[in-house]
Amino acid sequence: TLVAKFEQTVNYNGYEAVDLGLSVKWATCNVGAATPEDYGGYYAWGETEEKEDYSWETYKWCNGSETTITKYCTDSDYGIVDNKTVLEPEDDVATVKWGGDWRMPTKSEQDELRDNCIWVWITLNGVNGYKVTGPNGNSIFLPSAGYRSGTAVSYRGYYGDYWSSLLVSYDSNHAYALYVEESTYNKYNNGFRRYGRSVRPVCD
């Protein structure tokens with residue numbers, strides 16, 4: 001078992017951030033977690049509270065189905081078009097829960113993390129995930145929390161899905177998420193917005 005080191009942590013509004021040598025600082029923990037290896041909460045995209053059932057029937061931004069989207073929609077086939085593609089602060093769980101300058105990462109910030117860091121699959125205090133080391137040698141740990149669909153939790157310990165703040169503009173019932181498993185961290189899983197997924201905040 002390797003231990004992830006968290007050098008140069010800085011406290012922002014009561015939560016720890018790490019400077020990895022990138023354009024933003026990354027939190028040491030997921031939203032809802034107390035330690036880096038805690039899975040934390042599962043949140044549907046654009047929602048700010050956990051729930052028992054992650055379905056279209058319970059999703060905040062639709063009228064019960066994936067073709068009745070009421071906010072963040074670019075195609076009338078999916079619902080009411082407003083052409084919003086980036087989460088607003090009141091719908092960003094990182095901003096709502098942590099306050100200050102905390103927010104969900106953009107897709108480009110996730111791309112930067114993916115493309116400019118060294119990723120090593122480790123087990124930290126019994127939890128599988130990636131130690132992600134930035135260009136300056138500092139690191140964070142991303143646990144493999146799986147995801148929630150309906151009332152089930154799937155693939156916990158095997159992979160992680162981390163929401164970005166960006167809608168999939170050509171497919172308005174989906175949003176971009178960084179997908180990590182032991183064999184890869186180099187792809188996106190453009191999942192249904194109703195899925196409950198992890199959020200790892202950033203701040204400027």
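**Figure 1. A look into the largest cavity of this predicted model.** About 30 Å³ of space lies in the largest cavity. A search through the whole structure turns up 1 cavity of 30 Å³ or more. Which residues line the largest cavity? They are Trp26, Pro105, Gln110, Leu113, Leu142, Tyr162, Leu178 and Arg200. Sorted by character, the lining has 6 nonpolar residues, 1 polar residue and 1 charged residue.

**Figure 2. The open sheet made by S1, S2, S3 and S13.** Here you can follow 4 strands in the order S1-S2-S3-S13, with antiparallel pairing. Strand S1 (9–12) and strand S13 (202–203) are found at the edges, and each has a single partner strand, so one side of each is left without a neighbour in the sheet. In general, strands of a sheet pair through backbone hydrogen bonds, and they may do this in a parallel or an antiparallel way. Now turn to the pair S3 and S13. Strand S3 covers residues 25–27, and 2 bridges join it to S13. Look for Lys25, which stands opposite Cys203 in S13.

**Figure 3. The hairpin of S4 and S5.** Strand S4 (residues 118–124) and strand S5 (residues 127–133) run antiparallel. How many bridges join S4 to S5? There are 7 bridges between these two strands. Leu124 has Val127 in S5 as its bridge partner. The hairpin has 2 residues between its strands, and Asn125 in the turn shows a positive phi of about 50°.

**Figure 4. Trp45 and its surroundings.** Trp45 belongs to the loop between S3 and helix H1 (93–98). Is Trp45 buried or exposed? Its relative accessibility is 0%, so Trp45 counts as buried. A polar atom of the Trp45 side chain lies 2.8 Å from the backbone oxygen of Ser164. Trp45 and Val93 make a nice pair to find on the chain: they are 48 residues apart in sequence, and their C-alpha atoms are 8.7 Å apart in space.

**Figure 5. Gly46 in the loop between S3 and H1.** With a relative accessible area of 2%, Gly46 is buried. Try tracing the chain from Gly46 to Ser183, which is 137 residues away along the chain. The C-alpha atoms of these two residues are separated by 29 Å.

**Figure 6. Two residues with a positive phi, Tyr72 and Asn83.** As a rule, most residues other than glycine have a negative phi. Tyr72 is not a glycine, yet it has a positive phi of about 65°. Asn83 also has a positive phi, near 60°. Both the loop position of Tyr72 and that of Asn83 fall between S3 and H1. What about burial? Tyr72 counts as buried because its relative accessibility is 0%. Asn83, on the other hand, is exposed, with a relative accessible area of 52%.

**Figure 7. Stepping back to the protein chain.** Counting its elements gives 2 helices and 13 strands. The C-alpha trace spans about 45 × 30 × 30 Å along its principal axes. A compact globule of 204 residues would have a radius of gyration near 17 Å, and the 16 Å of this chain agrees with that. Buried residues make up 54% of the 204 residues.

Definitions and conventions. Residues numbered from 1 in each chain as written. Predicted model: local features only at pLDDT ≥ 70, side-chain atom pairs only at ≥ 80, totals over all residues. Heavy atoms only, no water. Pairing = 2+ DSSP bridges. 1 Å grid on protein atoms, 1.4 Å probe; cavity = no way out; pocket = protein on both sides within 12 Å on 5 of 7 lines; lining within 4 Å. Points joined across faces, edges and corners; volume = space filled by probe spheres on them. Nonpolar A, V, L, I, M, F, W, Y, C, P; charged D, E, K, R; others polar. Buried < 20%, exposed > 50% of the residue type's maximum accessible area, 1.4 Å probe, protein only. Polar contact = N/O pair within 3.5 Å; in protein donor to acceptor, adjacent residues only side chain to side chain. Rg over C-alpha atoms; globule rule 2.2 N^0.38 Å.
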